[in-house]
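This report introduces a protein model to a reader who has not met it before. The sequence and the structure are shown first, and a description by topic follows.

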Amino acid sequence: MTMPKYLKGCVIDIGFKYYVKHKHVQYHFEVEGLTITMADINNLILLMSKIQGELDETKRKLKQEEAEKERALTRLSSIAGAKLAHNNPGLTDLSDKYRPQKIGEHFSELYDNEWTEAVHQLTGGRDEEMAIQMIRDVLKFVANKTKCWADKQYKNLQEALFQRDLRDSEAGRFITTYKKISELQKEVAVLSISNAKKWLKEDEEFVSKYKDVLLHCEPFIDRSIEVCWMIQIQDPPMYLQFDSTKNIDKSLFRLFTKNGRSLDFVVWPALLLHENGPLVQKGVVQPMKENSSKKEAS
């Protein structure tokens, strides 16, 4: 006898022969002498359904745990990367348009372009050496002011997050947060630079000391603010070396228009990766003539 069509979906072929008998309205199967009733089949179906449900739930939990593990590993990797990069200028993010190498290029262009034009503008009514030193002093003033403003911005962001200064023992737990503060400074740099330009031109000391530079060399001032702000918001900040030893260190400075070994004056500062750090861009110095040096020595 063949199995009724409506039972075929309820029976799993387990490799045994089956026989169907009709007793009133109840069907049962005899599998090599073993009687399996419809109730047994229903229970088996329920059991299989339960097992399948448990299997699906186990798979779901396993998938969720794998996703959580992946997120945890990603976060740990991010924290480890942040700790490694924090105050470590040797590691560079190549996607960062404010990275030290780019800033070095901007600093070099500032000297080649805006500085050259500023010297030309100022030497119309004064000695070239005086004009060069005045422009150098303007850059130094800008560097000090942008450092002050950038440090204040960083501290304000830190206080907004922590509501107080953290002790050294606490700070280590928030390395990733400090890195994000530095990143935030870079994200708002365009606005910050715009504010700095406004503040500098309203600064009474600057206006009184460098009125002529402000009048004739505004492109140099504006570009100096841009480059100096980028210098100050690095982690750690880059450093402008304005001072030179009497005996010129040619690993830090190149010569201007004369040859010599003894310093006359600094034309343009050297740019370091950080204070006492490796050189990014050489500065420029004017040496005294060799014969002048010999006369001084005698």
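## A negative patch on the surface

D264 has its place in strand β6, which spans residues 263–268. The structure described here is a predicted model. In this model, D264 is partly exposed, its relative accessible area being 33%. The residue belongs to a surface patch of negative charge, in which D264 gathers with D127, E128 and E129.

D264 can be part of such a patch because membership calls for over 30% relative accessible area, and D264 has 33%.

## The chain as a whole

The protein chain contains 11 helices and nine strands. Of its 298 residues, 35% are buried. The area that the chain exposes is about 19,000 Å², and carbon and sulfur atoms supply 52% of that area.

The contacts of the chain may also be described by separation in sequence. Among contacts between residues at least 6 apart in sequence, 63% join residues at least 24 apart.

## A nonpolar patch on the surface

A second kind of patch is nonpolar. L44, L47, M48 and I51 form this patch on the surface, and together they have about 370 Å² of accessible area. One of these residues, M48, lies in helix α2, which covers residues 38–85. M48 has a relative accessibility of 40% and counts as partly exposed. This value satisfies the requirement for a patch, because a patch residue must have over 30% relative accessible area.

## Salt bridges

How many salt bridges does the model contain? The count comes to 11. Side chains of opposite charge can pair when their charged atoms come close. One of the salt bridges joins D151 to K147, with 3.2 Å between the closest N and O atoms. Both residues lie in helix α4, which runs through residues 128–162, and they are four residues apart, or about one turn of the helix. D151 is partly exposed at 36% relative accessible area, and K147 is partly exposed at 38%. Another salt bridge is formed by the side chains of E202 and K198, with an N to O distance of 3.2 Å. K198 is partly exposed, its relative accessibility being 47%.

A further salt bridge brings together the side chains of D222 and K201, at 2.8 Å from N to O. This pair links distant parts of the chain, since D222 is in helix α10 (residues 218–232) and K201 is in helix α7 (residues 189–201), 21 residues apart. Are the two partners buried or exposed? D222 counts as buried because its relative accessibility of 17% is under 20%. K201, in contrast, is partly exposed, with a relative accessible area of 26%. Salt bridges also form a network that links K197, R223 and E226.

## Buried residues in helices α7 and α10

I193 is a residue of helix α7. With a relative accessibility of 9%, I193 counts as buried. Which residues touch I193, leaving aside its neighbours within four places in sequence? I193 is in contact with I225, E226 and W229. The C-alpha atoms of I193 and I225 are separated by 6.8 Å, although the two residues are 32 residues apart along the chain.

M230 has its place in helix α10. M230 is also buried, at 6% relative accessible area. Apart from its neighbours within four places in sequence, M230 is in contact with Y98, I103 and H106. M230 and H106 are 124 residues apart in sequence, and their C-alpha atoms are 9.7 Å apart in space.

## Backbone features in two loops

Most residues other than glycine have a negative phi, and most peptide bonds are trans. Two places in the model depart from these patterns. The peptide bond from D235 to P236 is cis, with omega near 0°. P236 is found in the loop between helix α10 and strand β4, the latter covering residues 239–241.

The other place is N276, a residue other than glycine whose phi is positive, near 65°. N276 lies in the loop between strand β7 (270–272) and strand β8 (279–281). N276 counts as exposed because its relative accessibility of 73% is over 50%.

Definitions and conventions:
Residues are numbered from 1 along each chain as its sequence is written. This is a predicted model: local features need pLDDT of at least 70, side-chain atom pairs count only at pLDDT 80 or more; totals for chains, interfaces and linings use all residues. Side-chain values use heavy atoms; hydrogens and water are left out. A salt bridge is a side-chain nitrogen of Lys or Arg within 4 Å of a carboxyl oxygen of Asp or Glu. Helices (H or I, at least four residues) and strands (E, at least two) are DSSP runs, numbered from the N terminus. Buried means under 20% relative accessible area, exposed over 50%, partly exposed in between (1.4 Å probe, protein chains only). Patches are made of residues with over 30% relative accessible area and no salt bridge: like charges are joined within 9 Å, nonpolar side chains (Val, Leu, Ile, Met, Phe, Trp, Tyr) within 5 Å. Accessible areas come from the Shrake-Rupley method with a 1.4 Å probe; for residues, only the protein chains shown count as cover. Lys and Arg count as positive and Asp and Glu as negative; His and the chain ends are not counted. The place of a charge is taken as NZ of Lys, CZ of Arg, CG of Asp or CD of Glu. Contact means heavy atoms within 4.5 Å.
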